[in-house]
Amino acid sequence: MSELRSAFHQLAVPGVQTLHPYEPGKPMDELQREYGLTDIIKLASNENPRGPGEKALAAAREAMADAHRYPDGNGFRLKQALATHHGVAPETITLGNGSNDVLALVASTFLGPGREAVFSEHAFAVYPIVTSAAGATASVAPALGSDSGMPFGHDLDAMRARVTDATRVVFVANPNNPTGTWLGRRELKAFVQSLPDHVIVVIDEAYCEYSDSPQQPDATEWLSAFPNLVVTRTFSKVHGLAGFRVGYSIAHPAVAELFNRVRQPFNVSTSAQAAAEAALADTDYVRESVAMNNEQREWLRGELEQLGLDVLPSAANFLCVRVGDAGAVYEGLLRAGVIVRPVAGYGLPEWIRVTVGLPDENRRFLDALTGLVGRRA
Ligand SMILES: *Cc1c(COP(=O)(O)O)cnc(C)c1O
């Protein structure tokens with residue numbers, strides 16, 4: 001077995017040999033099987049705890065009647081709706097099987113052996129994966145220090161300093177996962193402006209809807225000024241459709257045309273396209289989700305700080321919390337039926353990331369955590 005394993009390992013392309021696979025949040029079914037628990041809450045994958053919106057679900061159900069047909073490979077209706085929503089041309093949009101798919105399209109289009117991708121320490125785990133899978137080199141910039149105003153956030157000067165003639169892609173997550181940290185409009189725009197023409201800059205705005213700061217940029221506004229800018233968005237987070245897998249990028253039409261060459265022709269299912277179109281139109285659902293999240297997030301932050309724990313600034317739907325022995329706390333929470341995310345793989349061994357849930361879920365997480373980390377102050 002291990003001989004075969006090493007034989008196949010040798011056969012794999014170098015980027016796959018060294019690749020560390022993505023570690024998803026533990027599925028609820030798995031915890032149920034392993035621990036025999038039935039009453040489980042999952043606060044591990046930054047999903048919308050309210051469930052999918054009724055309108056999105058109804059649209060998906062209706063679309064299922066066409067399940068014997070291939071999906072619209074050009075995503076005509078969804079692209080039209082997104083174009084209107086963002087005030088851009090449909091040709092600028094590339095749909096993906098989640099925005100993860102779009103990030104992989106960026107890598108297969110612009111990265112390869114001898115090329116480099118720049119991203120920050122503690123940034124989203126998909127950037128190193130798609131970089132390595134494409135056979136390119138990851139150039140990881142140190143993050144801001146723990147004593148910075150944005151602890152563990154992206155250090156744009158450090159990222160800029162790593163850009164070389166071999167750099168083809170820079171990945172920026174704003175807000176970032178798993179830290180929750182964010183970049184302001186002025187600094188981020190200056191960074192994009194400072195990049196040479198041979199660099200594609202990806203601004204991943206998976207959580208941008210949650211921000212209530214006027215300083216938080218909407219990078220789609222800069223697309224006409226910077227042809228090398230690619231903005232990615234997703235329906236997995238605030239829109240509550242993670243299971244459907246729909247994300248997209250907005251980019252210069254010439255860049256989108258390149259993505260289309262490598263994209264699988266039917267990468268977004270019929271039901272997913274229909275659900276996403278309805279979700280985009282359901283602005284009430286988004287607004288209510290953001291309001292509940294932001295209120296609960298700040299409540300949870302206050303309670304965690306009362307426990308004497310450090311909590312990173314967050315403009316998203318999760319908090320990164322320093323708990324010390326994160327492995328033990330993660331295990332302890334699992335035994336209490338609460339799934340959170342350990343983030344040692346992101347270079348944060350003493351921290352856990354918890355998704356803001358429904359009020360009852362947050363209370364239950366907090367009670368379980370209190371039992372593990374000691375008494376309240
Ligand atoms: C969750 C997340 C995504 C979205 O992933 P999907 O493939 O669209 O589900 C993208 N970027 C970041 C930073 C994320 O946390």
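This section describes the two domains of a predicted model, their interface, and the packing of one helix.

The protein is divided into two parts. Domain 1 spans residues 11-42 and 284-372, and domain 2 spans residues 56-281. Their C-alpha centres lie 23 Å apart. Domain 1 brings 28 residues to the contact, and domain 2 brings 30.

About 2200 Å² is buried between domain 1 and domain 2. Carbon and sulfur atoms give 68% of that area. On the side of domain 1, P313, A315 and Y346 lose the most area to domain 2. Together these residues account for 26% of what that side buries.

The polar part of the interface was examined next. Zero salt bridges are found across the interface of domain 1 and domain 2. Polar contacts are present there: seven residue pairs qualify, with both residues at pLDDT 80 or more. Four elements give two or more residues each to the side of domain 1 that touches domain 2. They are α2 (14-17), α12 (283-306), β9 (318-322) and β12 (351-355). The largest share of that side comes from α12, with seven residues.

Helix α10 covers residues 253-262. Its buried residues are V255, A256 and F259. These residues lie on the same side of α10, because they cover an arc of only 100° around the axis. Their packing partners are two strands early and late in the chain numbering, a further strand, and a helix: β2 (93-96), β7 (229-234), β8 (247-250) and α6 (99-110).

Note on methods. Residues are numbered from 1 along each chain as its sequence is written. This is a predicted model: local features need pLDDT of at least 70, side-chain atom pairs count only at pLDDT 80 or more; totals for chains, interfaces and linings use all residues. Side-chain values use heavy atoms; hydrogens and water are left out. Buried means under 20% relative accessible area, exposed over 50%, partly exposed in between (1.4 Å probe, protein chains only). The arc is that of the directions from the helix axis to the C-beta atoms. Contact means heavy atoms within 4.5 Å. Domain bounds come from an automatic or database domain assignment. Buried area is the accessible area (1.4 Å probe) that two parts lose on being put together, summed over both. A salt bridge is a side-chain nitrogen of Lys or Arg within 4 Å of a carboxyl oxygen of Asp or Glu. A polar contact is a pair of N or O atoms within 3.5 Å; within protein, one must be able to donate a hydrogen and the other to accept it, and residues adjacent in sequence count only if both atoms are side-chain atoms.
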